[in-house]
Amino acid sequence: MFDYHVHTSFSADSATPMAAQVEAAIAAGLREIAFTEHEDYNPGDETSFFFRHADYHAEVDRCQAQYGDRIRILRGIEVSEPHRTAPLCGPVLAGYPWDFVLGSLHWVDGQYNAYLKDYYLRFGDWRESMRKYFRELSDLARGGDFDVMSHLDYPVRYGVQVFGDAYDIADFEREIRPALRILADRGKGMEINTNPLWRHKAHPNPPGIAVRWFREEGGEVLTVGSDSHRPATTGACIDQAIVLARAAGFTRLATFNKRKVTFVDLPPNPKPAA
Ligand SMILES: [Zn+2]
Ligand SMILES: [Zn+2]
């Protein structure tokens with residue numbers, strides 16, 4: 001099992017020491033864990049300019065020395081809006097030996113925080129807020145330096161305050177498929193982000209139908225991640241993501257080393273309880 005989206009206290013929105021996350025990952029039976037800390041430059045974001053890269057790499061060294069015989073620890077980073085922030089994130093990506101880079105859209109149009117309820121009221125119809133988000137994913141997919149695009153329908157986590165259960169990702173297929181095609185053509189990936197599942201929602205980010213769209217557009221590179229910020233949720237619901245990946249037509253998962261992809265066969269679906 002793999003968890004390719006985990007935060008520690010190197011992200012402003014997590015208080016968890018890296019070693020505690022490693023121990024949680026080992027206890028959860030994970031083979032590999034990627035610490036993907038927030039790299040954000042938007043002055044309005046709590047995570048901006050927080051990530052201390054050299055200290056992080058020293059801490060990964062320390063954890064690899066202590067736990068490396070039990071789990072593989074990857075050097076990751078979650079870059080916000082890599083298609084807009086290349087002058088800032090370029091030197092960071094070039095300056096350290098990253099294994100894995102997530103590309104995320106958190107701020108739409110460089111100015112609207114999709115984390116805030118206000119974003120879903122701003123354009124008169126929440127569907128327009130969602131369309132803007134999904135359209136910008138094509139810009140990110142085309143122009144960003146990253147390996148895997150994070151949490152495809154991330155706004156659902158917050159827009160639900162406005163639209164309740166009226167959201168259906170199938171209504172946005174026209175906006176989403178072009179981004180998935182670009183990812184596939186560039187050899188980039190998408191992830192199944194289990195954060196909503198461990199919050200007891202029905203679907204991960206994104207639902208299985210969009211994972212299938214990615215496969216249909218030629219996508220090969222698929223990772224799974226919990227987006228955990230605390231030990232209790234590290235590795236959570238990864239088994240459900242594996243089942244969903246298989247149902248969407250994938251037979252392999254992507255793993256990374258120094259930003260090079262290698263594929264491994266999907267683990268078997270868990271046996272139903274007797
Ligand atoms: Zn994110
Ligand atoms: Zn994250």
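Strands here are DSSP runs of E with at least two residues, and helices are runs of H or I with at least four, both numbered from the N terminus. Keep in mind that you're working with a predicted model.

**Exercise 1. Place Arg259 between its strands, then work out what is unusual about its backbone and how exposed it is.**

Step 1: Look between strand S10 (252–257) and strand S11 (260–265); Arg259 sits in the loop that joins them.
Step 2: Check phi. For Arg259 phi is near 70°, which is positive, and the residue isn't a glycine.
Step 3: Put that in context. Most residues other than glycine have a negative phi.
Step 4: Now the accessibility. Arg259 comes out at 22% relative accessibility, so it counts as partly exposed, given that buried means under 20% and exposed over 50%.

**Exercise 2. Do the same for Glu81: which loop holds Glu81, and is Glu81 buried or exposed?**

Step 1: Glu81 is in the loop between S3 and helix H3 (86–95).
Step 2: Its phi is positive too, about 50°, and again this is not a glycine.
Step 3: With a relative accessible area of 5%, Glu81 is buried.

**Exercise 3. Find the cis peptide bond and say where its proline lies.**

Step 1: Go through the omega values until you hit one of about -5°; that is the bond between Asn205 and Pro206, and it is cis.
Step 2: Most peptide bonds are trans.
Step 3: Pro206 belongs to the loop between helix H7 (195–198) and helix H8 (208–216).

**Exercise 4. Describe the zinc ion (ligand 2): which residues coordinate it, and what is the geometry of its site?**

Step 1: List the donors. They are His5 and His7 through NE2, Glu78 through OE and Asp227 through OD, at 2.1 to 2.5 Å.
Step 2: Write out the sequence pattern, which is H-x1-H-x70-E-x148-D.
Step 3: Test the angles. Among the four donor atoms they run from 79 to 171°. Tetrahedral would need all angles between 85 and 135 degrees, so that option is out. The site is classed as irregular.
Step 4: See what gets linked. Glu78 is in strand S3 (residues 72–80), while Asp227 is in the loop between strand S9 (221–225) and helix H9 (238–247); the two are 149 residues apart.
Step 5: Both are covered up: Glu78 is buried at 1% relative accessibility, and Asp227 is buried at 3%.

**Exercise 5. Turn to the zinc ion (ligand 1) and find the residue that bridges it to the zinc ion (ligand 2).**

Step 1: The donors of the zinc ion (ligand 1) are Glu78 (OE), His106 (NE2) and His151 (NE2), at 2.1 to 2.2 Å.
Step 2: Their spacing along the chain reads E-x27-H-x44-H.
Step 3: Glu78 coordinates both zinc ions, which are 3.6 Å apart, and is the bridge you want.
Step 4: His151 lies in the loop between strand S7 (148–149) and helix H5 (156–163), and Glu78 in strand S3, so this pair ties together parts 73 residues apart in sequence.
Step 5: His151 is buried as well, at 1% relative accessibility.

**Exercise 6. Which residues touch the most other members of the largest nonpolar core?**

Step 1: The core has 81 residues, and the answer is Met130 and Tyr167.
Step 2: Ask what feeds it. Helix H4 (residues 126–143) gives the most, with seven residues.
Step 3: Check the surroundings of Tyr167. Beyond four places in sequence, Tyr167 contacts Trp126, Met130, Phe134, Asp153, Val156 and Phe172.

**Exercise 7. Work out what surrounds Leu30.**

Step 1: Leu30 is in the loop between helix H1 (18–27) and strand S2 (32–39).
Step 2: At 5% relative accessible area, Leu30 is buried.
Step 3: Leaving out residues up to four places away, its contacts include Met1, Phe2, Ala25, Ile71 and Thr234.

**Exercise 8. Zoom out: is the chain as compact as a globular protein of its length?**

Step 1: Count the elements: nine helices and 11 strands.
Step 2: The radius of gyration is 17 Å, close to the 19 Å from the globule rule for 274 residues, so the chain is as compact as a globular protein of that length.
Step 3: Buried residues make up 58% of the chain.
Step 4: Of the contacts between residues at least 6 apart in sequence, 74% join residues at least 24 apart.

Terms used
Residues are numbered from 1 along each chain as its sequence is written. Chains are lettered from A and ligands numbered from 1 in the order in which they are written. This is a predicted model: local features need pLDDT of at least 70, side-chain atom pairs count only at pLDDT 80 or more; totals for chains, interfaces and linings use all residues. Side-chain values use heavy atoms; hydrogens and water are left out. Donors are N, O and S atoms within 2.8 Å of the metal (3.2 Å for Na, K and Ca); water is not among the atoms, so sites may look incomplete. Four donors count as tetrahedral if all angles lie between 85 and 135 degrees; four count as square planar and six as octahedral if opposite donors are over 155 degrees apart and all others between 65 and 115; anything else is irregular. Buried means under 20% relative accessible area, exposed over 50%, partly exposed in between (1.4 Å probe, protein chains only). A nonpolar core is a set of buried Ala, Val, Leu, Ile, Met, Phe, Trp, Tyr and Cys residues joined through side-chain atoms within 4.5 Å. Contact means heavy atoms within 4.5 Å. The radius of gyration is taken over C-alpha atoms; the globule rule is 2.2 Å times the number of residues to the power 0.38.
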